[in-house]
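Me: I'd like a close look at one part of this protein, with its surroundings filled in as you go. Here is what I have in front of me.

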Amino acid sequence: MKIGIVGPSFGYGGANLVAAAVGNQLAENHDVYFLPYEDEANVTAIPSKRFCSLVQQRSIWQKRIIQVKKGIELGLQHQLTPSRYIDDEFKHLTQIIQQEKLDVIILNSYVAIVRFCSRIKALFPQIKLIAWLHEDPDYASEVTKNYRPVFEESLQQADKVICLSQKAWQVYQQLNPQTEIIYNPLILASTGKSDLRQSVISFTTRLDIEIKGLDLLCEVAKSLPDPWVIRVAGQGSEKEEAAFNELVNQMRVTTKIQFVGPLTGDELVAHYLNSSIFLSTSRTEALPLVMIEALSFGLPIISFDHSGAKELLENGKDGILIADLNTTAMGKAVNRLIEQPAERQAWQVKSLKRAKEFSVTTVMKKWERVLNEWREKDE
């Protein structure tokens, strides 16, 4: 089959990296085309002949005009139609669809879904559309509030909706019965497990203070005993990085939080191996890739009880969940693990067992099953 994956990027960011990894795996049995529409960054070894950028370079004035048009539409109709603002990108996508004769298009993330789904279905009704949602449904509901009807209609038009958790499935299957759960795969090669002897807590994140709870992280850091530190591997814009560093200074935790910037490959592996606990202070997550990575290296996990952590840690069976964004309770849980190496070892056994369920082999069998169902019907 010929498959196009449309997403904002295939560079940094959990959902983007997962899409690149799944696409590369699918390419072993299918012709796969990677179609970014916002950022041409390619840090995931995608073959150039399969990397077809839809990105349109716009001047500052062109961007402002689009923003004004959106403001007018929102003011007059009290909602937006995102597909109206991607004419150039859609024209290029149309050319690729026709030239390569694509059979399936995977729309990666809610933004891609609301921008492209209805226009593709109207012009190419024979193409199978997969809406791939990486977001927690509560978060998706919030960020799509200005175009909620369009979001729901787009999901209804998709031939398949792929989501990441039971919570998401319960929401989206009401809009589209062809909804199923396929976990994101572990894409970082796990070589060995942590010996749990380092006085380091690992934290891997996009530098979004609100969503990733970096303010809450600083509160937890205040409770750490010496010589323990939280080592943060984070990717963000210069503005986001500056805001995070300023927050660390303001909260007076410069001796407890070590920011090491974005890490990939062997450096990211070392980040996990050289730590003894993994921490998540996110306010919302769907199925955090970094937590899957931490599980694979045998790290005990402490997280706030967002839906992604509940799914990954099986409601506390495979990791410690903290309710109500309670930083005091999280600090106590961290200190308990610091003081009790035997408990860290016990959680490690559970982490390693749970990580096996996110293997590439397991996940790709489910993707191939979805595609094979369509192929068999066509034959």
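Which way do Val104, Ile106 and Asn108 point from strand 3, which way do Ile105 and Leu107 point, and are they buried or exposed?

Reply: Bear in mind that this is a predicted model. Val104, Ile106 and Asn108 point one way from strand 3, while Ile105 and Leu107 point the other way. Whichever way they point, all of them are buried. Here "buried" means under 20% relative accessible area. Strand 3 covers residues 104–108, and five of its five residues meet that mark, so the strand is largely enclosed by the rest of the structure.

Now for the neighbours. Strand 1 (residues 2–7) pairs with strand 3 in the parallel sense, and four bridges link the two. If you want a spot to click on, try Ile105 in strand 3, which has Gly4 standing opposite. Strand 3 also pairs with strand 4 (residues 128–132), again in the parallel sense, this time over five bridges. A handy marker for that pairing is Ile106, whose bridge partner in strand 4 is Ile130. Helix 4 (residues 110–123) belongs to this picture too: together with strand 3 and strand 4 it makes a right-handed β-α-β unit.

It's worth setting strand 8 (residues 229–235) beside that. Strand 8 is mostly covered, with five of its seven residues buried. Strand 7 (residues 200–206) pairs with strand 8 in the parallel sense over seven bridges, and Val200 has Val229 of strand 8 as its bridge partner. To get from strand 7 to strand 8 the chain passes through helix 8 (residues 214–221), in a β-α-β crossover that is right-handed.

Strand 8 pairs with strand 9 (residues 257–259) as well: the two run parallel and are joined by three bridges. There you can look for Ile230, which stands opposite Ile257 of strand 9. The route from strand 8 to strand 9 goes through helix 9 (residues 238–250), and this β-α-β crossover is right-handed too.

One last stop, this time on the surface. Val68, Ile72 and Leu76 make a nonpolar surface patch of about 320 Å². You'll find Val68 in helix 2, which spans residues 60–77.

So, back to your strand: strand 3 has strand 1 as a parallel partner and strand 4 as another, and its five residues are buried whichever way they point.

Key:
Residues numbered from 1 in each chain as written. Predicted model: local features only at pLDDT ≥ 70, side-chain atom pairs only at ≥ 80, totals over all residues. Heavy atoms only, no water. Patch = residues over 30% accessible without salt bridge, like charges linked within 9 Å, V, L, I, M, F, W, Y side chains within 5 Å. Areas by Shrake-Rupley, 256 points an atom, 1.4 Å probe, with all protein chains shown as cover. Salt bridge = Lys/Arg side-chain N within 4 Å of Asp/Glu carboxyl O. Buried < 20%, exposed > 50% of the residue type's maximum accessible area, 1.4 Å probe, protein only. Pairing = 2+ DSSP bridges. Right-handed = clockwise from strand over helix to strand, strands pointing away.
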